[in-house]
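Student: I should like to understand the terms used to describe a structure. May I ask how each one is justified?

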Amino acid sequence: MTVSELVAELGLEVIVMGDKDREITGGYSCDLLSWVIGRANPGDAWITVIGNINTIAVSILADTSCIILAENSAIDPQATKRAETEGVTVLRSSKNAFQLSFEIGRLLKVV
Amino acid sequence: MKLHYEVPGDDFTRAGEASGDVKRKLKSLGFPPDVIRRITIAIYEGEINMVIHAGGGVADIEILPDRITAVLADQGPGIPDIEKAMQEGWSTAPDNIRSLGFGAGMGLPNIKKYSDILNIDTEVGRGTTLTITVLVNPEHREMHNHNH
């Protein structure tokens, strides 16, 4: 499933669209940035409520396919700007991390 | 190729500049994605540690065909108990840092995990220097700690 397909399936808000055709190969849900950097896999859709500039840096370094801000959490203007510059996809949903994880897992057929 | 970066203290908006720039350079030089991922994650964690704990520092990166070495040096408080600092989940980061998503206690463990050779030279009151090497063809991993 690609990023743009995920957006359509879950009705996600698009804050920044990077590579819309990037394949989502898994998911990861966590708000501790070093935890994510150490354990998320490249291609994961990363669900978090942390929306600062370091979120973008971690997504780039961990090579996640997109960031999904859960529960309509806020994103700093600096972070949005950095995501635009670096081509990092940032999406948002009113759903919480549990609901998003479940729905993404179902779409990826891992649950 | 040698690169030098100043890592500012207490400025999280600029932490990650060195690792981001190194990532771009290594990509354009054609290094394997896994090598790029490992060294840039290690540099990023080192940058964040210097911002949180040491009031900034300097990062010197040497790129060779068979290896990338990053020397991250600060004049911060040093690490009193290196064994604890290497444990996953151990953190001395204050609450305001945790609210930014840091303080997981995974910084040094991640650096160890992703490097092939790690040398930690630290002294309380003097500072800390990390020497991180990622090999393009890792044949073995080793770790040296030097606690003064």
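The exchange below takes up terms applied to this predicted model.

Student: What makes L64(B) count as exposed?

Tutor: A residue is exposed if 12 or fewer other C-beta atoms lie within 10 Å of its own. L64(B) has 12 C-beta neighbours inside 10 Å, and therefore it counts as exposed. L64(B) sits in the loop between β2 (56-63) and β3 (67-74) of chain B. Between the C-alpha atoms of L64(B) and G125(B) there are 33 Å in space, and the two are 61 residues apart in sequence.

Student: How do you know whether the radius of gyration of chain A agrees with that of a compact globule?

Tutor: The rule is 2.2 Å times the number of residues to the power 0.38. For 111 residues this gives a value near 13 Å, and chain A has 12 Å, so the two agree. The C-alpha trace of chain A spans about 35 × 25 × 25 Å along its principal axes. Buried residues account for 44% of the 111 residues in this chain.

Student: Which pattern do the helices and strands of chain A follow along the sequence?

Tutor: Chain A contains five helices and five strands, and their order is α-β-β-α-β-α-β-α-β-α.

Student: What makes the span of α2(B) close to the expected one?

Tutor: The expected span is 1.5 Å times one less than the number of residues in the helix. With its 21 residues, α2(B) reaches 30 Å from its first C-alpha to its last, close to the 30 Å expected. Just after this helix, G55(B) takes a positive phi of about 70°.

Student: Why is α2(B) called mostly covered?

Tutor: A residue is buried if 20 or more other C-beta atoms lie within 10 Å of its own. In α2(B), 18 of the 21 residues are buried, and the helix is mostly covered.

Student: Which residues touch the most other members of the largest nonpolar core?

Tutor: They are I68(A) and A70(B), in a core of 70 residues. Helix α2 (residues 33-53) of chain B gives the most to this core, with 10 residues. Beyond its neighbours within four places in sequence, I68(A) has contacts that include L12(A), W46(A) and L100(A).

Student: How many residues of each chain are in contact across the two chains?

Tutor: There are 17 residues of chain A in contact with 19 residues of chain B. On the side of chain A that touches chain B, the largest share, six residues, comes from α3(A). The residues of that side divide into nine nonpolar, six polar and two charged.

Conventions:
Residues are numbered from 1 along each chain as its sequence is written. Chains are lettered from A and ligands numbered from 1 in the order in which they are written. This is a predicted model: local features need pLDDT of at least 70, side-chain atom pairs count only at pLDDT 80 or more; totals for chains, interfaces and linings use all residues. A nonpolar core is a set of buried Ala, Val, Leu, Ile, Met, Phe, Trp, Tyr and Cys residues joined through C-beta atoms within 7 Å. Helices (H or I, at least four residues) and strands (E, at least two) are DSSP runs, numbered from the N terminus. Two residues are in contact if their C-beta atoms, placed from the backbone, lie within 7 Å. Ala, Val, Leu, Ile, Met, Phe, Trp, Tyr, Cys and Pro count as nonpolar, Asp, Glu, Lys and Arg as charged, and the others, Gly among them, as polar.
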